[in-house]
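Please look over the sequence and the model shown here. A short report on its contacts follows.

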Amino acid sequence: RRFVPSEALCLEYRADAPDQPKTLSWYAAMFDVLSQPLGGFRERIGRRAFSKALERDDVRGLINHDPNLILGRTSTKTLKLHADHAGLHANVILPETSYVRDLLVNIENGNITGGSFAFEVVKDDWVLENIDGEDTVVRTVKEVRLYDVSPVTFPAYTATEGSATVRSLAESWRQRLSGRQPEQRAEDMEMCAAMKAMCVNCEST
């Protein structure tokens, strides 16, 4: 899961007429924006990362990534996604449910201002970049499987923050990109197998 900063979210609720469906739109992801530190590396989403997902994946619009609080889905055309120059934009036709009414009250009150999207990495690229005078491992996400887009109460990098496994992966890439041979420990090999979703190159290196 990745967080979209509230200042870039552009969360917009529309109810133009009583006989027209209520809609909610926002940016689910921003392109070429460097993330906060993710346990040893930083990340950006490439401009074509969602190209195949938009053609292939049946994506859900949820509240707080909760499958019980569904807003829409792409297969029923109640959720529409498209990529523009800024990022991945979402527009959902809101169902007439009690939890949607609660959501709109919290958006109008400013209680919900964040967004998040859930995905699996299919293709990525790792490099060392000089950021603020320090060599930093940066991953560019080039292709994903997309599962859901959500307005959220507590936007955070919950999948990676504080993860020892991800820190080990990032350190391994740091050593490779620096020209040093990483140590091949048994636990690292187990970690590599478990992290295929994040590191598609591990199997062949």
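Which side chains meet in a salt bridge at 3.9 Å, N to O? They are those of Glu143 and Arg56. A salt bridge here is a side-chain nitrogen of Lys or Arg within 4 Å of a carboxyl oxygen of Asp or Glu. Glu143 lies in strand E10 and Arg56 in helix H2 (residues 51–56), so the pair ties together parts that are 87 residues apart in sequence.

This is a predicted model, in which local features need pLDDT of at least 70, side-chain atom pairs count only at pLDDT 80 or more, and totals for chains, interfaces and linings use all residues. Residues are numbered from 1 along each chain as its sequence is written, and side-chain values use heavy atoms, with hydrogens and water left out. Helices (H or I, at least four residues) and strands (E, at least two) are DSSP runs, numbered from the N terminus.

**Salt bridges**

Side chains of opposite charge can pair when their charged atoms come close. The whole structure holds 10 salt bridges. Three of them are tabulated.

| Pair | Closest N to O distance |
|---|---|
| Arg44 and Glu129 | 2.8 Å |
| Asp58 and Arg60 | 3.3 Å |
| Glu143 and Arg56 | 3.9 Å |

Take Arg44 and Glu129. Arg44 sits in strand E4 (residues 42–45) and Glu129 in strand E9, 85 residues apart, and the pair links these distant parts of the chain.

How far are these side chains covered? Buried means under 20% relative accessible area, exposed over 50%, and partly exposed in between (1.4 Å probe, protein chains only). Arg44 is buried, because its relative accessible area is 18%. Glu129 is at 23%, so it counts as partly exposed. The Glu143 and Arg56 pair is also mixed: Glu143 is buried at 10%, while Arg56 is partly exposed at 35%. In the remaining tabulated pair, Asp58 is partly exposed at 27%, and Arg60 is partly exposed at 28%.

Glu143 and Arg56 also belong to a network. Salt bridges link them with Lys52 and Asp57.

**The E9 and E10 hairpin**

Strand E9 covers residues 114–131. Strand E10 covers residues 134–152. The two pair in the antiparallel sense over 17 bridges; strands pair if DSSP finds at least two bridges between them. Asp125 stands opposite Thr140 in E10. The hairpin has 2 residues between the strands, and Asp132 takes a positive phi near 55° there.

Arg139 is also in E10. Its relative accessibility is 1%, so Arg139 counts as buried. The C-alpha atoms of Arg139 and Leu34 are separated by 9.5 Å, although the two residues are 105 apart along the chain.

**Nonpolar cores**

A nonpolar core is a set of buried Ala, Val, Leu, Ile, Met, Phe, Trp, Tyr and Cys residues joined through side-chain atoms within 4.5 Å. The largest core has 31 residues. Which members touch the most other members? They are Phe50, Leu71, Leu81, Phe117, Leu146 and Val149. Elements that give two or more residues to this core include strand E3 (23–30), strand E7 (79–83), strand E8 (87–93) and helix H3 (98–108). E9 and E10 do so as well. H3 supplies the largest share, 5 residues.

A second, separate core has 5 residues, among them Leu38, Phe41, Trp126 and Trp173.

**Phe50 and the aromatic pairs**

Phe50 is buried, with a relative accessible area of 1%. Contact means heavy atoms within 4.5 Å. Setting aside neighbours within four places in sequence, Phe50 is in contact with Ala29, Phe31, Ile45, Leu88, Phe117, Val144 and Leu146.

The whole structure has 4 aromatic pairs. Rings of Phe, Tyr and Trp (its six-membered ring) pair if their centres lie within 6.5 Å; planes under 30 degrees apart count as stacked, over 60 as edge-to-face and the rest as tilted. Phe50 and Phe117 form an edge-to-face pair, 6.0 Å centre to centre with 75° between the planes. Phe50 lies in the loop between E4 and H2 and Phe117 in strand E9, so the pair ties together parts that are 67 residues apart in sequence. Phe117 is buried at 3% relative accessibility. Ring pairs link Phe31, Phe50, Phe117 and Phe119 into a cluster.

**A buried loop residue**

Leu94 is in the loop between E8 and H3. At 7% relative accessibility, Leu94 counts as buried. Leu94 and Gly72 are 7.1 Å apart, C-alpha to C-alpha, and 22 residues apart in sequence.
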